[in-house]
Amino acid sequence: MAFLSDNLARVKPSPTIAMTNRAAELRAQGHDIIGLSAGEPDFDTPDHIRQAGKDAIDAGRTRYTAVDGTPSLKRAICDKFQRENGLDYTPAQITVGTGGKQILFNALLATLNPGDEVIIPAPYWVSYPDMVLLGGGSPVIVPCDIDSGFRLTPEALTQAITPRTKWVILNSPSNPSGAGYDADQMRALTDVLLQHPDIWILSDDIYEHLVFDGFRFVTPAQIEPRLKDRVLTMNGVSKAYAMTGWRIGYGAGPETLIRAMAKLQSQSTSNPCSISQFAAEAALTGPQDYITDSRAVFQRRRDLVVAGLNACPGITCPTPQGAFYVYPSIRDLIGTTSAAGTRIENDEAFANALLDEQGVAVVFGAAFGLSPHFRISYATSDAQLTQAIDRIRAFCEGCH
Ligand SMILES: Cc1ncc(COP(=O)(O)O)c(C=O)c1O
């Protein structure tokens, strides 16, 4: 009898964390490493949110709460959906978990049966396929290449649907490509999904507020209200308010699904941290200036990085609509040899050679299901970014 479960054996450790660890090891050995692999804002949580956390501790709000969120946080989330997305949800249709990650995990584990398929457009956030596998389902990866703007088209979606399709996961703006769906692009997908009444839609809106050049964020339940009773709209405070460590995410959907997710959570983690829930409530109900301020900084950095990368021989970098990532192509570098003699056979070889030869840590595209690419997180200072771009350019110039 095997000790470890078969489901766990199907799961691979997170490649983004592996890259971050490798960079940390090299740094510990004294190498000068620039890390561009982290997926979190480099800002501190705004003061009034931190204060709300401290106040919660001082007021003794340190006990168990309702399993999937305090009533007041759920009300604040309903108000957020109404105010920002024009969506009416009741508190019974809201669930709060330990990060958006737990919300996705709960939804998939609470609904998947063996053989159920989940459509995942690639490039995808690394955790989606593995969560599907942990739930006993089968990920169906649909490549969405650079020519389609890294977006799922209605044709590709239609082709991927089978009688076993249970969920489609949409993530706009996307990690890792930064691509966002505008209202027309989203409607083209919801039109297809309207014709398939048994398919559920998981919308990962975690980068909602990080959109640039006036791009208007939309979410499926808002674009097509007739789908609302089979959409789980997932969001959280991690990226919007620089609160990654506080671990609060939430989901909104039909009560049957929300109750099933709460049941699962009640037998695993119980409530998300009580202090963090009070801080998240302050984030959603308090001043929203951080969102506009950080958006301006990220847009400036995006422009710096896109221009810098496009000046590197062999790299093509599209301009993303949002998030804090770029996902350039290195098609023209495949088959070349680096200055130190490494053959760039694929994007993993590229990322490893770039780290070894120039001390820049990025994540290779295969980790996100679409090659030959790499992901840069530009959630770091302009100075670090400028230096990193110089090193990447030197690396590319050395490839022959
Ligand atoms: C696309 C996407 N979804 C969800 C998450 C989960 O965020 P959290 O669990 O911090 O809310 C992340 C975090 O990196 C992400 O990039």
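In this predicted model, the C-alpha centres of domain 1 and domain 2 lie 26 Å apart. Domain 1 is made of two stretches of the chain, 6-44 and 290-398, whereas domain 2 covers residues 63-285. Where the two domains touch, domain 1 contributes 35 residues and domain 2 contributes 32 residues. On the side that belongs to domain 1, the elements giving two or more residues are helix H2 (15-28), helix H12 (289-310) and strand S9 (325-326), and H12 gives the most, with 6 residues. Sorted by class, this side of domain 1 has 17 nonpolar, 11 polar and 7 charged residues.

Arg10 is found in the loop between helix H1 (6-9) and H2. With 13 C-beta neighbours inside 10 Å, Arg10 counts as partly exposed, because a residue needs 20 or more such neighbours to be called buried and 12 or fewer to be called exposed. Arg10 and Gly136 are 126 residues apart along the chain, and yet their C-alpha atoms are separated by 9.5 Å.

**The open sheet and its helices**

An open sheet of 7 strands, with mixed pairing, follows the order S2-S8-S7-S6-S5-S3-S4. Strand S2 (94-97) and strand S4 (138-143) stand at the edges, and because each has a single partner strand, one side of each is left without a neighbour in the sheet. From one strand to the next, the twist averages 20°. Strands of a sheet pair through backbone hydrogen bonds, and the pairing can be either parallel or antiparallel. Strand S3 (residues 117-122) pairs with S4 in the parallel sense over 6 bridges, and in this pair Glu117 stands opposite Ser138 in S4.

Two helices can be described by how they lie against these strands. Helix H4 (residues 71-85) lies across S2 and strand S8 (249-252), running at about 115° to S2. Helix H6 (residues 127-134) packs on the sheet and touches S3, S4 and S5, and the direction of H6 makes about 155° with that of S4.

**Strand S12 and its partners**

Strand S12 (374-377) pairs with S9 and with S11. S9 and S12 run antiparallel and are joined by 2 bridges, with Ser377 in S12 as the bridge partner of Tyr325. S11 and S12 also pair in the antiparallel sense, over 2 bridges, and here Phe364 stands opposite Phe374 in S12. In a regular strand the side chains alternate between the two faces of the sheet. In S12 both faces are covered, since Phe374 and Ile376 on one side and Arg375 and Ser377 on the other are all buried.

**Unusual backbone angles**

Most residues other than glycine have a negative phi, and most peptide bonds are trans. The table sets out four places in the model that depart from this pattern.

| Site | Feature | Angle |
|---|---|---|
| Asn175 to Pro176 | cis peptide bond | omega near 25° |
| Ser371 to Pro372 | cis peptide bond | omega about -10° |
| Asp213 | positive phi, not a glycine | phi near 55° |
| Ser270 | positive phi, not a glycine | phi about 60° |

The place of Pro176 is in the loop between strand S5 (165-171) and helix H8 (183-194), while Pro372 belongs to the loop between strand S11 (363-364) and strand S12 (374-377). Asp213 is in the loop between strand S6 (200-204) and helix H9 (220-223), and Asp213 counts as exposed because it has 10 C-beta neighbours inside 10 Å. Ser270 is found in the loop between helix H10 (255-266) and helix H11 (274-285), and because Ser270 has 13 C-beta neighbours inside 10 Å, it counts as partly exposed.

**The surroundings of the ligand**

Which residues are the closest to the ligand? The ligand is surrounded by 13 residues, and the closest of them are Gly99, Gly100, Lys101, Asn175 and Ser238. Asn175 also takes part in the cis peptide bond to Pro176 that was listed in the table. Helix H5 (residues 99-111) gives the most to this shell, with 3 residues. By class, the shell around the ligand has 2 nonpolar, 9 polar and 2 charged residues.

Methods:
Residues are numbered from 1 along each chain as its sequence is written. This is a predicted model: local features need pLDDT of at least 70, side-chain atom pairs count only at pLDDT 80 or more; totals for chains, interfaces and linings use all residues. Helices (H or I, at least four residues) and strands (E, at least two) are DSSP runs, numbered from the N terminus. A residue is near a molecule or strand if its C-beta atom, placed from the backbone, lies within 6 Å of it. Ala, Val, Leu, Ile, Met, Phe, Trp, Tyr, Cys and Pro count as nonpolar, Asp, Glu, Lys and Arg as charged, and the others, Gly among them, as polar. Domain bounds come from an automatic or database domain assignment. Two residues are in contact if their C-beta atoms, placed from the backbone, lie within 7 Å. Two strands pair if DSSP finds at least two bridges between them. Axes are lines fitted to C-alpha atoms, for helices over the stretch in contact, and angles run from 0 to 180 degrees between N-to-C directions.
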